[in-house]
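Visitor: I should like a close look at a single part of this protein, its nonpolar interior. Please describe what makes up that part and how it sits within the chain.

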Amino acid sequence: RDTANCVRIELDEPISYQDRKVTHIYYAHMSKLAHVQPEGHIPRTRVEAGDMLGVSGVANGSWHLHLGFLLDGEVEQYYGTFLYEDEIRKVMGGYRLGNRLPKE
């Protein structure tokens, strides 16, 4: 699997979800990355809320960005290591398709 245009972020504080912990968030289908860091590179690049991670890309002829929540320290996506869309929406406060996050 090509992960050249993906960003995976390890959370400082895991997010509880049922009896699991969301420990990493990833963004995929990016056309350009703001930071490039090889897997395992030390020191890790630290990002804060609002930092530019990259630019959304095109897949299947449509501009979009995939958002994934990985569980319990796993860094690969396979059955049982990630949340599904409806679960992610619950973690994010119940937002439905078309809702926008509030501005700070």
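Guide: The account below turns from the chain as a whole to its nonpolar interior. This is a predicted model, in which local features need pLDDT of at least 70 and side-chain atom pairs count only at pLDDT 80 or more, while totals for chains, interfaces and linings use all residues. Residues are numbered from 1 along each chain as its sequence is written, and side-chain values use heavy atoms, with hydrogens and water left out.

The protein chain holds one helix and six strands (DSSP runs, H or I of at least four residues for helices and E of at least two for strands, numbered from the N terminus). Along the sequence their pattern is β-β-β-β-β-β-α. Of the 104 residues, 24% are buried, that is, under 20% relative accessible area with a 1.4 Å probe, protein chains only.

The largest nonpolar core consists of seven residues: Tyr17, Val22, Ile25, Phe69, Leu71, Leu83 and Ile88. Such a core is a set of buried Ala, Val, Leu, Ile, Met, Phe, Trp, Tyr and Cys residues joined through side-chain atoms within 4.5 Å. Strands β2 (20–28) and β6 (66–71) are the elements that give two or more residues to this core. A second, separate core has five residues, among them Val7, Ile9, Met30 and Leu53.

Ile25, a member of the largest core, is in contact (heavy atoms within 4.5 Å) with Val7, Arg8, Ile9, Leu11, Leu67, Gly68 and Phe69, its neighbours within four places in sequence being left aside. Across the protein chain, residues 24 or more positions apart account for 51% of the contacts with a separation of 6 or more.

How values were computed: Buried means under 20% relative accessible area, exposed over 50%, partly exposed in between (1.4 Å probe, protein chains only).
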